[in-house]
Amino acid sequence: IGRALHLRAGFILLVAAGSWAAGLTPLGAFGPAPEASATVRVTGLSASAGRRITTVTIATSDPVAYLTNRPDPLTLFVDLRDVDASRAVAMLGAKGVVAGASIEEASAADGTRVARVRIQLTQPASHQVRSKRNQIHVDFDSAFPVGSIGNVPPAAPARSASSGLATLLERVQAESRPTGTSVTLVGNGELVAEAVTPMGNGTPRVVLDFPNVKSQVPADVFVGRGPVSVVHVKTTGVVPTTRVVVDLLRPATYRVMPPEDGDKDFTILFEEQPPAATPVASTPSAAPGVVASLDPIDRLLMRGGLGALDTTDATGAVGAMGAGGAIGAMGAGGAIGAMGAGATSPARGAGPFAQVPQQGAIPQLPPATPAAPAQPRFTGHPVTLDFQGADLRMVLRTFADISGLNIVIDQSVQGSVDVSLNEVPWDQALDIILRDHKLGYSVDGTIVRIAPMSVLADEEAQRRKLAEERALSGELEVLTRPLSYAKAGDLTALLTRTALSARGDIQIDSRTNTIIIRDLPSRLQGAAQLLDALDQPQPQVEIEARIVTTTRAFARDLGVRWGFTGRVAPELGNTTGLAFPNQGSLSGRTGGIGADGAATAVDLGVSPATSAIGLALGSVNGAFNLDLELSALEASGNGRILSSPRVATQNNVPAEITQGVQVPIQTVANNTVTVTFRDAALRLQVTPQITAANTVIMQVQLENSAPDFTRAVNGIPPIDTQRAVTSLLVSDGQTSVIGGIYVNRQQENAARTPAIHKIPILGWLFKNQRTTDQSSELLIFITPRIIKL
């Protein structure tokens, strides 16, 4: 449905006020239904002119369907289907840019009676059609001319091959040029375009219509050169009309070069850079060509899956072919061009075609801020739809005429349509209407069936159920397969979910590790292939861990111990000579007794001391004794402990290795003694996973625990534990450090006699100083090695 299909050139479909044809107005939409014999007629024809806009109003007795056609820049036809024009106002006088209007009876291509309103203009002007219930308004904007200036020769009569004009499009060819790409159309005679239309809404393209010409070229000619993407060719109508649509990849200017006398090549030149617009002086003798301009089309929806790009709408006017051919621009800017005042004669050599504006060519002011780029996904030709209470089935049948698709409408589709869409792709309009009524579609070859979503869902469910029932039919067979490497019980659930049908079942024989499958032959084949893929030997991995513990300790201790005893007594002959005190003694009181009975006064020695020196002094009569001891201690040590557990296991299979002791722990509760054991061991738990890159992913739990009897409580030692839990990726045979702990302890202690220890030099006799420095470091390494089988 999303493929672009072509409307007839120069036409814009408008359906006004919910009616497709006279007398088909839904009951109750506009009051009581008219009688079957009632005829829709034209009730009025009027015009009003402003400073720039001239409006022609066509009034009818009921809402009608209409078509617009612009055969030349100075003429516009509005065809009203199934409308009686016999009693209508015949003529309309000049007003603004409208030279006059008349109503005449005519017939459509399918023979339907139409009332044709012929509007003549005094100068080219862009137009836009709008409708409101039973009134049709045609606005002409004189500020934006369309087509060449002057009168256009009347339409040529039907041609024949003998007239020199082409009746067959034989081939389409593309050629790269220095400034762009040219697309050349070759016929069996001179090709004359009826209309050349640049379009900027959706995919940027240029549309050319060749009446009375058939085609023998393919429907799609892919170019892919310069700005040109693809050329589409299609022939429609009872009187054959060939439409050539050139899709562009990016903004580009184009120039149409009709064939010269005796030539058959009709060439359109697309240039990468738009030429600079230069003002054209207006002279009464020559009519300047009008350059059309469209808004920049930055991105577009590319055909053939090349990508989706953004688009902008066309806001400028469309140009016409001047003396040198038609020149148009698909670049930036608004409508540009110049028109000579009073220039009414056609340019000599101008081709017999006029360009029809897209969107009615009435310009709109640009937005204050640039709109966010859209991502269009619809590529159909633009159409204008205006429905009010229209029958849904009739609307859907209309899309068959617009798109050329074969459409079948489900009998349950009912409803009415109320939409007003202006210049939107037809496939987008169809999608909106389907979604609004909860409808969907299915495609069968070239036929599109439209039905409610619930109906399509039920049909799909029934179709799927039927397919499942057909797939489950047949005789069951048995497959017996002894497994060599996989466990039959481990594969049961996997096979049931992935390979077996609803009728299948699995039995296993654990003694021989055999799996027995009963199912349809087609499912047994898939189960056998799955078993072949799963019953494969798995590589093994050897994991080696190393736990390295290093310690370093240093201690230094300096101390002093001294004491004295002094006495004055008559027996020593050294009394004081006083009645009181006549005798006395002075000695230390720390409790220690040194040499010669000297009591210790300062006890700050090192215990146990590895080095010591003593000094003892005393008097002849023993009245005073002195004892001094200096002690020192210095110790250092280094330690290293290496633990290296190693274990091997299969891929994705957990493994564990443990070495150590169990420490008994005794507890007493309610006069009951309970003894439990706690592990103090070296333990390695690992689950390896081998990757396709020859690396190993490991889930590792490593613990090194040991009892510390130096800090035992009631004979129960604490457990010194070192543990690492991690997940890491290591290459085969490479060693990785998974963790480490470093501990450093420095300590300085001093014992001294207050105040006296501050005396220089002498203060060393009254203090003890101890320095310790301990450090320990723990490193854990792990190395995986894949064992090749």
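In what sense do strand 27 and strand 28 pair, and over how many bridges? In this predicted model, the pairing of strand 27 with strand 28 (residues 447-452) is antiparallel and runs over six bridges. Within strand 28, Ala451 is the residue that stands opposite Gly440.

These strands belong to an open sheet of three strands. The order is 25-28-27, and the pairing is mixed. Strand 25 (406-409) and strand 27 (439-444) are the edge strands, each pairing on one side only. From one strand to the next, the twist averages 25°.

Helices pack on this sheet. Helix 1 touches strand 25, strand 27 and strand 28. The direction of helix 1 makes about 165° with that of strand 25. Helix 3 (residues 453-472) also packs on the sheet, where it touches strand 27 and strand 28. The direction of helix 3 makes about 110° with that of strand 28.

Helix 1 (residues 392-403) also packs against helix 2 (residues 426-436). The angle between them is about 160°, and their axes lie 11 Å apart. Angles over 145 degrees count as roughly antiparallel, and the two helices are therefore roughly antiparallel to each other. The crossing of helix 1 past helix 2 is left-handed. Helix 1 contributes Leu392, Val395, Leu396, Phe399, Ile402 and Ser403 to the contact. Helix 2 contributes Trp426, Ala429, Leu430, Ile433 and Leu434. Of the residues in this contact between helix 1 and helix 2, ten are nonpolar, one is polar and none is charged.

Note on methods
Residues numbered from 1 in each chain as written. Predicted model: local features only at pLDDT ≥ 70, side-chain atom pairs only at ≥ 80, totals over all residues. Heavy atoms only, no water. Axes fitted to C-alpha atoms, helices over the stretch in contact; angles between N-to-C directions. Helix = DSSP H or I, 4+ residues; strand = E, 2+ residues; numbered from the N terminus. Parallel < 35°, antiparallel > 145°, perpendicular 65-115°, else oblique. Left-handed = near helix turned anticlockwise from the far one by under 90°. Contact = heavy atoms within 4.5 Å. Nonpolar A, V, L, I, M, F, W, Y, C, P; charged D, E, K, R; others polar. Pairing = 2+ DSSP bridges.
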